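Subject: The structure for you to look at

Hi there,

Here is the structure I promised to pass on to you. Please open it beside this message and follow along as you read.

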Amino acid sequence: MQSKYLYHIIFLLSFSIFLLGCKHLPSGLTSRSHKNVLAIKNVNVITMISDSSILTNVTVIIKDGKIISLNATTIPDSAEIIDGKGKWLIPGLIDMHVHVPTDGHFNTTYPTHAAAIFTNTQDIMTPFVASGVTTIFELNAKAGHFGQRNEILRGDVVGPRMALAALINGGEESGRIANTPSDGSQIVRVAKAEGYEFIKVYSQLNTETYKAIVDEADKQGMKVIGHIPNVFQGKIEDAFVPHFGMVAHAEEFAKQSNDYSVGDAQRFAKLAKENGTWLAPTLTVIARIAEQTRTLDSITHLESFQYVHPLLQSKWLTANRNYQGTNSERVTRIEKMIKFNKLLTKVFKEAEIPIVAGTDAGSSGVIWGFSLHDELQLLVEAGLTPIEALTSATRLPAIWLGIDSKIGTIEVGKFADLVLLDSNPLEDIRNTRKIGGVFINGLWLDKVKIDTMLSDLSKRNALFKNKYDWKKREEY
Ligand SMILES: [Zn+2]
């Protein structure tokens, strides 16, 4: 009973906050501007409204967290001025596939008192903010994520907007499990009542339960993203029912191909196209997995590894399922799959199926925020142009999430979720990593502030590095 009331309270607190920005800017950041008007002078703006919509050398005005002018001729006296000369402004980036640790994250394998180590929400969110990722889509959301979202909206934590999907699986494991259509529909209704906005379908669902979930989600106004359940092996067409909105990994298709042929990629594209199903290829996670089947140095060599919580650092290195028991067959199989994923991405692009950037951040070696820049690069390597890659991490995900009237492009009236880049990302997509500053819901974080946040986090993690051992976690 008690937890039921708790859900109601959480639901009321978080009601509608996903779509609304917060007017109250974080007070815990000493270097933030207390003026509520910002002027970015002489900046180049990649608006993302269309592929060719680029404004050069303009002055952008932000007031109360929103963009109020893109070509100002006068600057209000009260404005804090930011020099944009030679720089490039893009919309804040969106990662459409993340897993963010929360309190209780390891609730099935891990004692509650130790799970409290994740209480520092700022430490969890800093890597996103520092990377210009201003919206995330959590694909296995729990009650703890509502708490994190509220901390961000209250202004206690600087972090991204969070869209939350409730994951439903079949079989016997823990979590939201449904093995009958009536259970499936009921779980969707409960998730809706608890405040989740989306449903994620997972691998062990049976055919009828899967269909009932997708149906009920549509009735409840919830879009569906997910895996292609294993039961559809060899009959993938049956999984493409109306309102299956997005496939969460390219390898969900790869698993359905025997020969990794162009013909198969085209067959899958036709199914997705006819059904209106989008694709988040998540090329990053499989690239990291491939590296880890060879060596775990691939993790420790990542510059952003220092920003990972020490317990997860320990987990990724001592309980890594990609590395443990690896052999040359596994390496070859994954390499082949990677090749097919790239081909599939290109074929889907040519079929004009919307592709969005997602990374599966939170998987071993896939580090929150930083991974989005890896994904953009991999999407370009797969055949997207730089502007198409940027579209996949800005306008398109905002449309799928239903928040394109608020974010996703740079337009007057939209929330000021922006990234200021030192170099033009259309010339080289790797330039999205050259971040000169980030505007998150109108809060300006310059490079100095971002670097300070990151180095503080790194120091804190280093301090606890040897205190957390994944294998001894029951003892904490
Ligand atoms: Zn995932």
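Leu 396 is a good place to begin: setting aside neighbours within four places in sequence, Leu 396 is in contact with Trp 278, Pro 354, Ile 355, Val 356 and Thr 391. Please keep in mind that this is a predicted model. Leu 396 sits in helix 15, which covers residues 395-401. Is Leu 396 buried or exposed? Its relative accessibility is 18%, and the cut-off for buried is under 20%, so Leu 396 counts as buried. One of its partners, Ile 355, is 41 residues away along the chain, yet the C-alpha atoms of Leu 396 and Ile 355 are separated by 7.7 Å.

Now for the whole protein. There are 16 helices and 16 strands, and buried residues account for 57% of the 476 residues. If you take the contacts between residues at least 6 apart in sequence, 74% of them join residues at least 24 apart.

Next, please find the zinc ion. Which residues coordinate the zinc ion? They are His 97 and His 99, each through NE2, and Asp 360 through OD, at 1.9 to 2.4 Å. Written as a pattern, the spacing of these donor residues in sequence is H-x1-H-x260-D. His 97 belongs to strand 6 (residues 93-98), while Asp 360 is in the loop between helix 12 (328-350) and helix 13 (370-382), so the pair ties together parts that are 263 residues apart in sequence. His 97 is buried, with a relative accessible area of 1%, and Asp 360 is buried too, at 10%.

Another residue to click on is Ser 257, found in the loop between helix 7 (251-254) and helix 8 (262-275). With a relative accessibility of 7%, Ser 257 counts as buried. What does the side chain of Ser 257 reach at 2.8 Å? The answer is the backbone nitrogen of Tyr 260. The side chains of Ser 257 and Asp 264 are also joined by a polar contact of 2.6 Å. Beyond its neighbours within four places in sequence, Ser 257 is in contact with Asp 264, Phe 268 and Phe 340.

Helix 11 (residues 310-318) deserves a look as well. Its buried residues include Pro 310, Leu 311, Leu 312, Gln 313, Ser 314 and Trp 316. The buried residues of helix 11 pack against helix 10 (297-300) and helix 16.

Finally, some empty spaces. How many cavities of 30 Å³ or more does the structure hold? There are 2, and the second largest cavity has about 50 Å³ of space. Among the residues lining this second largest cavity are Ile 67, Pro 91, Thr 134, Phe 415 and Asp 417. By class, its lining has 5 nonpolar, 5 polar and 1 charged residues.

The second largest pocket has a volume of about 470 Å³. It is lined by 21 residues, and Ser 131, Glu 303, Ser 304, Phe 370 and Arg 433 lie nearest its centre. Helix 9 (283-292), helix 13 and helix 16 (447-463) each supply at least two residues of this lining. The lining of the second largest pocket has 9 nonpolar, 6 polar and 6 charged residues.

Enjoy exploring!

Best wishes

Conventions
Residues numbered from 1 in each chain as written. Predicted model: local features only at pLDDT ≥ 70, side-chain atom pairs only at ≥ 80, totals over all residues. Heavy atoms only, no water. Helix = DSSP H or I, 4+ residues; strand = E, 2+ residues; numbered from the N terminus. Buried < 20%, exposed > 50% of the residue type's maximum accessible area, 1.4 Å probe, protein only. Polar contact = N/O pair within 3.5 Å; in protein donor to acceptor, adjacent residues only side chain to side chain. Contact = heavy atoms within 4.5 Å. Donors = N, O, S within 2.8 Å, 3.2 Å for Na, K, Ca; no water. 1 Å grid on protein atoms, 1.4 Å probe; cavity = no way out; pocket = protein on both sides within 12 Å on 5 of 7 lines; lining within 4 Å. Points joined across faces, edges and corners; volume = space filled by probe spheres on them. Nonpolar A, V, L, I, M, F, W, Y, C, P; charged D, E, K, R; others polar.
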